[in-house]
Amino acid sequence: MRRRSVLQLGVAAIALTGCSGTNTKTSQLSGLDLAPVVATDNKVAVERPEPKIRYQFTCTAEDGSLIGKFSSLDEVWASTRYMHIADCQVTYVGSGPLVLTPEETAAVNAAVAAGAPPGQASELCLRIVRACTRTDHRTLPAALAAYGVPVVKGALTLAPMAPQAALFTRWLKTAVVG
């Protein structure tokens, strides 16, 4: 056999046996080894329900053209046109009145502790969620100043790993000191 054929057979053998580094049987398999595996429990896999849509994010570019309508912050952040987002409007679209989740409550509490007026938690929550979307980097300092320190702290509490979280943190350091 030519060397190339031997190498091809070797590669094929590795692919068939896997590269796990475990020993493989080289002898004939017995009839017991080929017996089908029968499940002993009769549990049915439980499917997770579809997440409830709470918000609608309408994001636009600098020229006012629609980038997209999204139903979660994760969808906004994952948009292929995320870097072109200049503004996002956030609307609550859930069924019934807005009842804050524990994460949203923590964000609102952080904003109130930082000086936001207490009361009207749902409106404060919407401002915090909007701050988490994306702010155009050219207008970021002015936009964060308009949101205010309490909303920015709430946004960092709600979404500490948001794409612009580091910019928010840097702005807070200068806003609190200055």
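A residue counts as buried when its relative accessible area is under 20%. Keep that cut-off in mind as you click around this predicted model.

**Stop 1: the disulfide**

Select Cys59 first. Its relative accessible area is 0%, so Cys59 is buried. Now add Cys88, which also counts as buried because its relative accessibility is 1%. Show both side chains and look at the sulfurs: Cys59 and Cys88 form a disulfide, with their sulfur atoms 2.1 Å apart. A disulfide is a covalent bond between the sulfur atoms of two cysteines. Searching the whole structure turns up 1 disulfide, so don't go hunting for another.

Which hand does the bond have? The torsion about the S-S bond of Cys59 and Cys88 is about 100°, so this disulfide is right-handed. Next, color strand β1 (residues 55-60) and strand β3 (residues 87-92). Cys59 sits in β1 and Cys88 in β3, so the pair ties together parts that are 29 residues apart in sequence.

**Stop 2: two cysteines without a bond**

Jump to Cys125, which is in no disulfide. Its nearest cysteine sulfur belongs to Cys132, 9.0 Å away. Seen from the other end, the closest cysteine sulfur to Cys132 is the one in Cys125, and 9.0 Å is too far for a bond. Buried or exposed, what is Cys125? Cys125 counts as buried, because its relative accessibility is 2%. Cys132 has 4% relative accessibility, so Cys132 counts as buried too.

**Stop 3: a pair of helices**

Select helix α3 (residues 102-113) and helix α4 (residues 121-132). Their axes come within 10 Å and cross at roughly 95°, which means that α3 is roughly perpendicular to α4. To see where the two helices meet, show Glu104, Ala107, Val108, Ala111 and Val112 in α3, then Ala121, Leu124, Cys125 and Ile128 in α4. Color this contact by residue type and you'll find 8 nonpolar residues, no polar ones and 1 charged.

**Stop 4: the nonpolar core**

Keep Ile128 selected and add Phe57, Cys59 and Val76. In the largest nonpolar core, which has 36 residues, these four touch the most other members. Which element gives the most to this core? That's α4, with 6 residues.

Finish by zooming in on Val76. Leaving out residues up to four places away in sequence, Val76 touches Phe57, Cys59, Phe70, Tyr82, Ile85, Cys88 and Thr133. Both disulfide partners, Cys59 and Cys88, are on that list of contacts.

Note on methods
Residues are numbered from 1 along each chain as its sequence is written. This is a predicted model: local features need pLDDT of at least 70, side-chain atom pairs count only at pLDDT 80 or more; totals for chains, interfaces and linings use all residues. Side-chain values use heavy atoms; hydrogens and water are left out. Axes are lines fitted to C-alpha atoms, for helices over the stretch in contact, and angles run from 0 to 180 degrees between N-to-C directions. Helices (H or I, at least four residues) and strands (E, at least two) are DSSP runs, numbered from the N terminus. Angles under 35 degrees count as roughly parallel, over 145 as roughly antiparallel, 65 to 115 as roughly perpendicular and the rest as oblique. Contact means heavy atoms within 4.5 Å. Ala, Val, Leu, Ile, Met, Phe, Trp, Tyr, Cys and Pro count as nonpolar, Asp, Glu, Lys and Arg as charged, and the others, Gly among them, as polar. A disulfide is a pair of cysteine sulfur atoms within 2.5 Å. Buried means under 20% relative accessible area, exposed over 50%, partly exposed in between (1.4 Å probe, protein chains only). A nonpolar core is a set of buried Ala, Val, Leu, Ile, Met, Phe, Trp, Tyr and Cys residues joined through side-chain atoms within 4.5 Å.
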